[in-house]
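Work through the exercises below with the sequence and the coordinates at hand. Try each task before reading its solution.

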Amino acid sequence: MHDQQHRIEERDGMVIEWDAPITMDDGLVLRADIYRPVGGGEHPVLMTHGPYAKGLSFQEGFAFAWMQLAREHPEALEGSSNKYQSWETPDPEIWTRDWGYVCVRVDSRGAGRSPGYLDCFSPRETLDFKNCIEWAGVRPWSNGKVGLTGISYYAMNQWQVAALRPKHLAAICPFEGASDLYRDGVRHGGILTSFWIRWYPAQVSSVQHGLGARGRINHNTGEPIAGPETLSPEEMARNIADLPGQHLGNRFATDAYFAERTPRLEDIEVPVFSRGNWGGIGLHLHGNTEAFLRVGSRQKWLEMHGDTHWTEYYTPGGRALMRRFFDHFLKGEDNGWDREPAVQLSVRLPNEKFLTRKEGEWPLARTQWTRHYLDAASSALVAEPGSDASVEFRGFSQGHTFYTPPMLKASEITGPVAAKVFIASSTRDADIFLSLRAYAPNGRELLFQGASEPNVPLAFGWLRASHRKLDAARSLPYRPWHPHDEEQPLVPGEVHELDIEIWPTSIVLPPGFRLALTVGGEDYDHQLPGPLVPKAPPQYGGIRQTGCSIHVHDVSGDRPPEVFDGTATLYTGGKHASFLLLPVIPAA
């Protein structure tokens, strides 16, 4: 029987298969676009699998990001017509036509051109991904080695499927991808973020299969990107999971929803190149560093960079790094990759400058773990605990900030950060927000280009006080581990000890600069005047950005004011010696 959707053509130096069918174990057919080198033969495969609609062009679907990339990094667009660019996936004109890889883009179940029930990060979706890898590994145009690539969603699901150990999976390169849906993305320290609730209609249900004629058109094929069939709104509603309800209804990491979406990283055995962004301080950063530490693979590398969420994936230098990795493990080239040090850092300096440095491990072995004690009496961060003191702040407020003295010499902070704070609340719970900040000698706060917002501080940490329970076996001094498996309500007015992880960071501060820690009860706000604060991408409703990008914790049902807008008291000194633990890197 003729497949009316599947067709093959040669154009722009590639053989392209549009809507190639991939049959799943339950009989459902997913659709893939396949870009193959001209001339036949067997080639390594690079695959992406996800819900963003393979036929939606980068330029149309994410114009704000495309225009920024073109404006600030025009070299990223060179050497390609860019007609086949798709958000957060490799450009086949570079990878296929020029470098000899087969690029396979699969619309996941229920999204784009693939029918079925759409349920993000579900076990069914992950099994589909594994099936697609095994399918690609035995095609006549495949050399049997499949690599996974892509940004964000296309990175997160690499951790998931790699833990299933597909036979034909040969290497993965998760670029800015969370590895623990609960801790890295949905509930920071147990506190629900609204990001995914905004993301779902903006990037997923907007390209759900069945939109058909009501949706956008693939300009390379003339076909609907979310078709070919056009279903009624009622039919489509039955074919998609209620993600906002899933996130509101599942409060613990051990709930089945999160447990079945959290890969066992230790089961990942293929070579791994984890690429993270210092500016991804509300999503992804922690996933890249934590997964690097925990994956079972004996061949693993970590690279940390700056700039926007997508920039270094498309720049010539960023692509070249990935090419060396994949050329080695998918093509078998002896290009020296296996002799590269395990860690490559773009160490951050003020004014968006970076110093590239290679290291042998993460965290760095020479780290001097240094405590700075909070002193509520002087609002200072000091070398030794002071006398007993305390300061109050309202639950829904920016709280209180503590400062170090000006640096006497250049000082580098690179690595994981943590804090211990002693808190009492007038209610049975409290949400604690920690912001690590830096200030220039003139008093102006040092802000950086974040992954998805232009003005971010150094790092964030969060903890819902009722989730303060620690797993002693998994905790490290610089990375407390909370199981998030139950609530332990506070006794109003009683002091409770909280160990809070602050996500990793990197900065070299010149003499005269200061570090600061803000302890508050709401999301960080740099309080820049309105005209200097760009709005969020239009897909997310144009919300004001305050330094947290779109990773804010403003779901009213998760933070009722009668519980979380009470009076919090922070205790310092004496037997309540609250402190900040910093990874100080000694000068070479």
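The exercises concern a predicted model and deal with its cores, two single residues and its pockets.

**Exercise 1.** Describe the largest nonpolar core and find which helix gives the largest share of it.

Solution.
- Step 1. The largest nonpolar core holds 73 residues. Trp95, Trp196, Trp199, Tyr200, Phe325 and Phe326 have the most contacts inside this core.
- Step 2. Helix H13, residues 316-330, supplies the largest share, with six residues.
- Step 3. Another core lies apart from this one and has 63 residues, including Leu285, Ala440, Ala459 and Ile500.
- Step 4. Take tryptophan 196 and leave aside neighbours within four places in sequence: the residues in contact with tryptophan 196 are Phe121, Met156, Leu181, Gly185, Val186, Leu243, His247 and Leu283.
- Step 5. As background, nonpolar side chains tend to be buried together in soluble globular proteins.

**Exercise 2.** Decide whether lysine 420 is buried or exposed, and list what lysine 420 touches.

Solution.
- Step 1. Lysine 420 is in strand E18.
- Step 2. The relative accessible area of lysine 420 is 16%. The cut-off for buried is under 20%, so lysine 420 counts as buried.
- Step 3. Not counting residues up to four places away in sequence, Glu497, Leu498, Asp499, Ser578 and Phe579 are touched by lysine 420.
- Step 4. With glutamate 497 there is a polar contact, side chain to side chain, at 2.5 Å.

**Exercise 3.** Place proline 74 and classify its accessibility.

Solution.
- Step 1. Proline 74 sits in the loop between helix H2 (63-72) and helix H3 (92-98).
- Step 2. Its relative accessibility is 44%, so proline 74 is partly exposed.
- Step 3. Phenylalanine 62 is twelve residues from proline 74 in sequence, and their C-alpha atoms are 17 Å apart in space.

**Exercise 4.** Characterise the largest pocket and the second largest pocket by volume and lining.

Solution.
- Step 1. The largest pocket contains about 520 Å³ of space. Its lining has 23 residues, of which Lys409, Ala410, Ser411, Glu412 and Val584 are the closest to the centre.
- Step 2. Strand E14 (368-375), strand E18 (411-425) and strand E24 (579-585) are the elements that each give two or more residues to this lining.
- Step 3. By type, the lining of the largest pocket has 14 nonpolar, five polar and four charged residues.
- Step 4. For the second largest pocket, the volume is about 290 Å³. Among its lining residues are Pro350, Tyr439, Arg444, Phe513 and His526.
- Step 5. That lining divides into seven nonpolar, three polar and two charged residues.

Methods. Residues numbered from 1 in each chain as written. Predicted model: local features only at pLDDT ≥ 70, side-chain atom pairs only at ≥ 80, totals over all residues. Heavy atoms only, no water. 1 Å grid on protein atoms, 1.4 Å probe; cavity = no way out; pocket = protein on both sides within 12 Å on 5 of 7 lines; lining within 4 Å. Points joined across faces, edges and corners; volume = space filled by probe spheres on them. Helix = DSSP H or I, 4+ residues; strand = E, 2+ residues; numbered from the N terminus. Nonpolar A, V, L, I, M, F, W, Y, C, P; charged D, E, K, R; others polar. Buried < 20%, exposed > 50% of the residue type's maximum accessible area, 1.4 Å probe, protein only. Core = buried A, V, L, I, M, F, W, Y, C linked by side-chain atoms within 4.5 Å. Contact = heavy atoms within 4.5 Å. Polar contact = N/O pair within 3.5 Å; in protein donor to acceptor, adjacent residues only side chain to side chain.
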